[in-house]
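Colleague: I would like a close look at one part of this model, the place where two of its helices pack together. Please take me through the contact and what surrounds it.

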Amino acid sequence: MVICNTQQLKGLMRLRKFVEDCSTITKKQGIISIIDNALTEGCYSSIHQKKLNQVRNIWFDRTHAGEFICRHCLGDTSQVDYDYLHGTDHLECALKEETK
Ligand SMILES: [Zn+2]
């Protein structure tokens, strides 16, 4: 079970809007109901987490592709030393995500 903090809830609301507007995502209703559920409960299961991460990756690639923004924390990475980057993501965030 994943408990959402305020920042994650905001992210979910943004993601919900993206899914609603996106014409290429299939099974929209299912994803929207997962998000709605997470927004109401303030948490979601690890199975739903997988699904949400997939959608979040689509969202990220559509909105921030090619920009120096970390896909994990959405922080600006344009001033970060190359040694601490993984693509355009913080190396630290990428490693944290991998060990989850
Ligand atoms: Zn980051």
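Modeller: What follows goes from the whole chain to the helix pair and then to the core. Bear in mind that this is a predicted model.

The protein chain has 4 helices and 4 strands, arranged along the sequence as β-α-α-β-α-β-β-α. Its radius of gyration is 14 Å, close to the 13 Å that the globule rule gives for 100 residues, so the chain is as compact as a globular protein of that length. Along the principal axes, the C-alpha atoms fill a box of roughly 40 × 30 × 20 Å.

Now the pair itself. Two packed helices are described by the angle between their axes and the distance between the axes. For helix α2 (residues 28-41) and helix α3 (residues 46-64), the angle is about 115° and the axes are 11 Å apart. The crossing of α2 and α3 is left-handed. On the α2 side the contact is made by I31, I34 and A38, and on the α3 side by H48, K51, L52 and V55. By class, these are 5 nonpolar, 1 polar and 1 charged residues.

The contact leads into the core. The largest nonpolar core has 9 residues: L15, V19, I31, I34, I35, A38, Y44, L52 and V55. Two or more of its residues come from each of α1 (6-21), α2 and α3, and α2 gives the most, with 4 residues.

One core member, V19, is worth following. Leaving aside residues up to four places away in sequence, V19 touches I25, K28, I31, I32 and V55.

Across the protein chain, buried residues make up 14% of the 100 residues.

Terms used: Residues numbered from 1 in each chain as written. Predicted model: local features only at pLDDT ≥ 70, side-chain atom pairs only at ≥ 80, totals over all residues. Axes fitted to C-alpha atoms, helices over the stretch in contact; angles between N-to-C directions. Left-handed = near helix turned anticlockwise from the far one by under 90°. Contact = placed C-beta atoms within 7 Å. Nonpolar A, V, L, I, M, F, W, Y, C, P; charged D, E, K, R; others polar. Core = buried A, V, L, I, M, F, W, Y, C linked by C-beta atoms within 7 Å. Buried ≥ 20, exposed ≤ 12 C-beta atoms within 10 Å, placed from the backbone. Rg over C-alpha atoms; globule rule 2.2 N^0.38 Å.
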